[in-house]
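Trainee: Before I use any of these labels in my notes, could we go through them one at a time and ask what justifies each?

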Amino acid sequence: MSIFREERSRYKITRSHRNQTLNAIVSKNRDTYTWTWHGYINFTDGQHFEFSSQRNFATASEAEDYMYRFACDRIDNLLSR
């Protein structure tokens with residue numbers, strides 16, 4: 001995680017897990033200086049799943065790491081059915 005990302009108040013992330021693309025936005029609340037995220041996964045079979053954080057994070061990297069683990073778990077669960 002670069003220092004540049006920590007200084008910005010919002011940025012987009014595009015990652016892939018098990019050939020499924022996830023897109024998310026990590027943003028900083030200017031009032032509380034905490035970070036949250038929201039995003040979506042468009043599965044190759046046509047399913048669409050949206051998600052957002054239910055908690056706040058102290059740093060952007062913390063929010064991004066949690067978001068990626070959450071999305072990977074969701075992808076794994078849906079693909080293992």
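The conversation below takes up salt bridges, burial, a polar contact and a nonpolar core in this predicted model.

Trainee: What makes the pair Glu-64 and Arg-15 a salt bridge?

Mentor: The side chains of Glu-64 and Arg-15 come to 2.9 Å, N to O, and the cut-off for an Arg nitrogen and a Glu carboxyl oxygen is within 4 Å, so the pair earns the name. The two residues belong to distant parts of the chain, with Glu-64 in helix 2 (residues 60-79) and Arg-15 in strand 1 (residues 10-17), 49 residues apart.

Trainee: Why is Glu-64 called buried or exposed, as the case may be?

Mentor: Glu-64 has a relative accessibility of 3%, and because buried means under 20%, Glu-64 is counted as buried. Its partner Arg-15 stands at 28%, which lies between the limits of 20% and 50%, so Arg-15 counts as partly exposed.

Trainee: How many salt bridges does a search of the whole structure find?

Mentor: The search finds two, and Arg-18 with Asp-76 is one of them, the closest N and O atoms being 3.1 Å apart. Arg-18 lies in the loop between strand 1 and strand 2 (20-28), whereas Asp-76 lies in helix 2, so the pair ties together parts that are 58 residues apart in sequence. Arg-18, with a relative accessible area of 45%, and Asp-76, at 26%, are each partly exposed.

Trainee: How do you know whether Thr-34 is buried or exposed?

Mentor: The relative accessible area of Thr-34 is 19%, and the cut-off for buried is under 20%, so Thr-34 is buried. Thr-34 is found in the loop between strand 2 and strand 3 (35-42).

Trainee: What joins the side chains of Thr-34 and Thr-32?

Mentor: A polar contact of 2.8 Å joins them, and the distance limit for such a contact is within 3.5 Å. Leaving aside neighbours within four places in sequence, Thr-34 is also in contact with residues including Ser-27, Asn-56 and Phe-57.

Trainee: Which residues have the most contacts inside the largest nonpolar core?

Mentor: They are Val-26, Trp-35, Trp-37, Ile-41, Phe-51 and Met-67, in a core of 18 residues. Two or more residues come from each of strand 1, strand 2, strand 3, strand 4 (48-52) and helix 2, and helix 2 gives the most, with six residues. Beyond four places in sequence, the contacts of Val-26 include Ile-13, Trp-35, Trp-37 and Glu-64.

Methods
Residues numbered from 1 in each chain as written. Predicted model: local features only at pLDDT ≥ 70, side-chain atom pairs only at ≥ 80, totals over all residues. Heavy atoms only, no water. Helix = DSSP H or I, 4+ residues; strand = E, 2+ residues; numbered from the N terminus. Buried < 20%, exposed > 50% of the residue type's maximum accessible area, 1.4 Å probe, protein only. Polar contact = N/O pair within 3.5 Å; in protein donor to acceptor, adjacent residues only side chain to side chain. Contact = heavy atoms within 4.5 Å. Core = buried A, V, L, I, M, F, W, Y, C linked by side-chain atoms within 4.5 Å.
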